[in-house]
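Here are a few exercises to work through with the model open beside you. Try each task yourself before reading its solution.

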Amino acid sequence: HYFRPTNTPPKKGTTHAAFYVSSNAEEVPNFIDALVKLFNKFETIGLIQEGSFKIYFPQAYPNGEMRKYAIITFNKFHNVIPVVFIRKLRSLINNSVFEGIKFKVDWASSNVWRFLK
């Protein structure tokens, strides 16, 4: 049997090419460390092709408080965004726990994706 995530289109104004990841971490550096380690592990085991994604950690708020999310964008493969793979990856990560950090994943807005690309 194959895992098939729901084939629902993204909400209006969002894209399958990028998603937001947030967590329940009390300390933002713990979230950042766990997310980077998780994607490194995905590369090591061959789930994700090295260099096929980029993780963006936004600048801190003006008061110095760190933002508690990251944005992950995905590169095109043979000039096509690998939507089915990205949907599966989102399903795998959403509500999962890695190194004690629970991740929540939502689709990024199309404007954010265009800005980051």
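**Exercise 1. A patch on the surface**

Which residues form a nonpolar patch on the surface, and how much accessible area do they have together?

Solution. Keep in mind that this is a predicted model.
Step 1: find Ile 45, Leu 47 and Leu 92, which form the nonpolar patch.
Step 2: their accessible area together is about 290 Å².
Step 3: take Ile 45 as an example and place it in the loop between H1 and S2. Its relative accessible area is 60%. Exposed means over 50%, so Ile 45 counts as exposed.

**Exercise 2. The order of the strands**

Work out how the sheet is put together, and name its edge strands.

Solution.
Step 1: the sheet is open, has five strands and follows the order S2-S3-S1-S5-S4, with antiparallel pairing. The edge strands are S2 (53-56) and S4, each pairing on one side only.
Step 2: start from the S2 edge. Four bridges join S2 to S3, and these strands run antiparallel. Here you can find Ile 55 opposite Ile 72 in S3.
Step 3: move on to S1, which pairs with S3 in the antiparallel sense over five bridges. Ala 18 stands opposite Thr 73 in S3.
Step 4: finish at the other edge, where S4 and S5 pair over two bridges, again antiparallel. Val 97 has Lys 102 in S5 as its bridge partner.
Step 5: look back at S3 and check its cover. Five of its six residues are buried, so this strand is mostly covered.

**Exercise 3. Helices across the sheet**

Which strands does each helix lie across, and at about what angle does it run to one of them?

Solution.
Step 1: select helix H1 (residues 28-44). This helix lies across S1, S2, S3, S4 and S5, and runs at about 80° to S5.
Step 2: now select H2. This helix lies across S1, S3 and S5, and runs at about 15° to S1.

**Exercise 4. A small charge network**

How many salt bridges does the structure hold? Trace the partners of Lys 37.

Solution.
Step 1: the structure holds two salt bridges.
Step 2: Lys 37 pairs with Asp 33, and their closest N and O atoms are 3.3 Å apart. Both residues lie in helix H1, four residues apart, which is about one turn of the helix. Lys 37 is partly exposed, at 36% relative accessible area. For Asp 33 the value is 36%, and this residue is partly exposed as well.
Step 3: Lys 37 also forms a salt bridge with Glu 99, with 3.7 Å between the closest N and O atoms. This pair links distant parts of the chain, 62 residues apart: Lys 37 is in helix H1 and Glu 99 is in the loop between S4 and S5.
Step 4: through shared partners, the salt bridges join Asp 33, Lys 37 and Glu 99 into one network.

**Exercise 5. Backbone angles in loops**

What is the sign of phi at Glu 99 and at Asn 79?

Solution.
Step 1: phi of Glu 99 is near 50°, a positive value in a residue other than glycine.
Step 2: phi of Asn 79 is near 65°, also positive in a residue other than glycine. Asn 79 sits in the loop between S3 and H2, and is exposed at 65% relative accessibility.
Step 3: return to the loop between S4 and S5, where Gly 100 is found. Gly 100 is exposed, with 59% relative accessible area.

Conventions. Residues numbered from 1 in each chain as written. Predicted model: local features only at pLDDT ≥ 70, side-chain atom pairs only at ≥ 80, totals over all residues. Heavy atoms only, no water. Buried < 20%, exposed > 50% of the residue type's maximum accessible area, 1.4 Å probe, protein only. Pairing = 2+ DSSP bridges. Contact = heavy atoms within 4.5 Å. Axes fitted to C-alpha atoms, helices over the stretch in contact; angles between N-to-C directions. Patch = residues over 30% accessible without salt bridge, like charges linked within 9 Å, V, L, I, M, F, W, Y side chains within 5 Å. Areas by Shrake-Rupley, 256 points an atom, 1.4 Å probe, with all protein chains shown as cover. Salt bridge = Lys/Arg side-chain N within 4 Å of Asp/Glu carboxyl O.
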